[in-house]
Amino acid sequence: AVKVVALCGSLRKNSTNRGLIRAAIEIAKESIDGMEIEYVDISPLPMLNTDLEVDGTYPPAVEAFRRKILEAESVLFASPEYNYSVTAPLKNALDWASRPPNVWGNKAAAIVSSSGGSRGARSQYHLRQIGVFLDLHFINKPEFFLNAYQPPPKFDSHGDLIDREVREKLKAVLLALHAFSLRLRGTSVVN
Ligand code: FNR
């Protein structure tokens, strides 16, 4: 099975982006054979400070996070937009796993966003740009942008996805990520 780690750029309890991840885990379980999605919490990571790197080792929470990334074949980012860019917690997680040796390399990835504005699009292209340096290979289509607050409500008060149409769009992203992950297997696209 393709092992996918899912990361959420929002730390708040009722995060709609984490709601998208919960829905993605369900969809994969119910209807995508050969795809396992695991949510990995980035909130325990300290703010990156290379003083915390001692003799090539990282703080325990960072080591555990890096291992999860290393063991995954693909990554699903649920990335809200803060000030037209990615959130600080997500950038911090990207940076910790980029520290030597970079554990993001040659993995397939996809982005979904629930944001407050029209499409939360700009931050996705920043995340793609970071991926160029980290050697992450994002699928290009289908793109997934969601305005969390535009009626009719897409999420309930706990941040759980309640909109069927959005669920179908999320499934399309997962199917594309699954297919691309299989295609990427065994290729070292760049190195
Ligand atoms: C935001 N929000 C936001 N939305 C957007 O579309 N474009 C933006 O530039 C910003 N900027 C921004 C900055 C800060 C500091 C906060 C806290 C929020 C709204 C944000 O994307 C929205 O609250 C999302 O729903 C957050 O995702 P969760 O927490 O629901 O997963």
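Tutor: A strand here is a DSSP run of E with at least two residues, and the numbering starts from the N terminus. Keep in mind that this is a predicted model. Ser-74 belongs to strand S3, which covers residues 74-78.

Student: Thanks! Is Ser-74 buried or exposed, and how do you know?

Tutor: Buried means under 20% relative accessible area. Ser-74 has 0% relative accessibility, so this residue counts as buried.

Student: Which residues is Ser-74 in contact with, leaving aside its neighbours within four places in sequence?

Tutor: They are Val-2, Lys-3, Val-4, Val-5, Ala-108, Leu-177 and Ser-181. Contact means heavy atoms within 4.5 Å.

Student: What makes the side chain of Ser-74 a partner in a polar contact?

Tutor: The partner is the side chain of Ser-181, at 2.7 Å. The cut-off for a pair of N or O atoms is 3.5 Å, and one atom must be able to donate a hydrogen and the other to accept it, so this pair counts as a polar contact.

Student: Let's move along the sheet. How do you know that S3 and S4 pair?

Tutor: Pairing needs at least two bridges found by DSSP. Five bridges join S3 to S4, so they pair, and they run parallel. One position to look at is Val-75, which stands opposite Ala-109 in S4.

Student: In what sense do S1 and strand S2 pair?

Tutor: In the parallel sense, over five bridges, with S2 spanning residues 35-39. Ala-6 stands opposite Tyr-39 in S2.

Student: Why is strand S1 called mostly covered?

Tutor: Six of the seven residues in S1 (residues 2-8) are buried. Each of those six is therefore under 20% relative accessible area.

Student: And what makes you say that both faces of S4 are covered?

Tutor: In a regular strand the side chains alternate between the two faces of the sheet. In S4, one side holds Lys-107, Ala-109, Ile-111, Ser-113 and Ser-115, and the other holds Ala-108, Ala-110, Val-112 and Ser-114; all of these are buried. That fits the count for the strand, in which nine of nine residues are buried.

Student: Gly-117 sits in the loop between S4 and H4. Why is Gly-117 given the class it has?

Tutor: Its relative accessibility is 35%. Buried would need under 20% and exposed over 50%, so Gly-117 falls in between and counts as partly exposed. How far is Gly-117 from Asn-106, C-alpha to C-alpha? The two are 32 Å apart in space and 11 residues apart in sequence.

Student: Where is Glu-81, and is this residue buried or exposed?

Tutor: Glu-81 lies in the loop between S3 and H3. At 14% relative accessibility, Glu-81 is under the 20% cut-off and therefore counts as buried. A polar atom of the Glu-81 side chain lies 2.9 Å from the backbone nitrogen of Ser-123.

Student: What about Asn-83 and Tyr-84?

Tutor: Asn-83 is found in the loop between S3 and H3, and so is Tyr-84. Exposed means over 50%. Asn-83, at 77%, is therefore exposed, and Tyr-84, at 53%, also passes the cut-off and so is exposed. Asn-83 has a positive phi near 50 degrees without being a glycine, and the phi of Tyr-84, another residue that is not a glycine, is positive too, about 65 degrees.

Student: Where are the cis peptide bonds of Pro-101 and Pro-152?

Tutor: One runs from Pro-100 to Pro-101, with omega near -10 degrees, and Pro-101 is found in the loop between helix H3 and S4. Another joins Pro-151 and Pro-152, where omega is about -5 degrees; Pro-152 is found in the loop between strand S6 and helix H5.

Student: Last topic: how many cavities of 30 Å³ or more does the count come to?

Tutor: The count is one. About 30 Å³ of space lies in the largest cavity. Its lining consists of Ala-110, Ile-111, Gln-124, Arg-128, Ile-139, Pro-142, Glu-143 and Val-173. Strand S4 and helix H4 are the elements that give two or more residues to this lining.

Student: How do the residues of the lining divide?

Tutor: Into five nonpolar, one polar and two charged. Arg and Glu count as charged, so Arg-128 and Glu-143 are the charged residues of the lining.

Notes: Residues are numbered from 1 along each chain as its sequence is written. This is a predicted model: local features need pLDDT of at least 70, side-chain atom pairs count only at pLDDT 80 or more; totals for chains, interfaces and linings use all residues. Side-chain values use heavy atoms; hydrogens and water are left out. On a 1 Å grid over the protein atoms alone, a cavity is a set of points where a 1.4 Å probe fits but cannot get out, and a pocket is an open set with protein on both sides within 12 Å along at least five of seven lines; lining residues have an atom within 4 Å of a point. Grid points are joined across faces, edges and corners, and a volume is the space filled by probe spheres set on the points. Helices (H or I, at least four residues) and strands (E, at least two) are DSSP runs, numbered from the N terminus. Buried means under 20% relative accessible area, exposed over 50%, partly exposed in between (1.4 Å probe, protein chains only).
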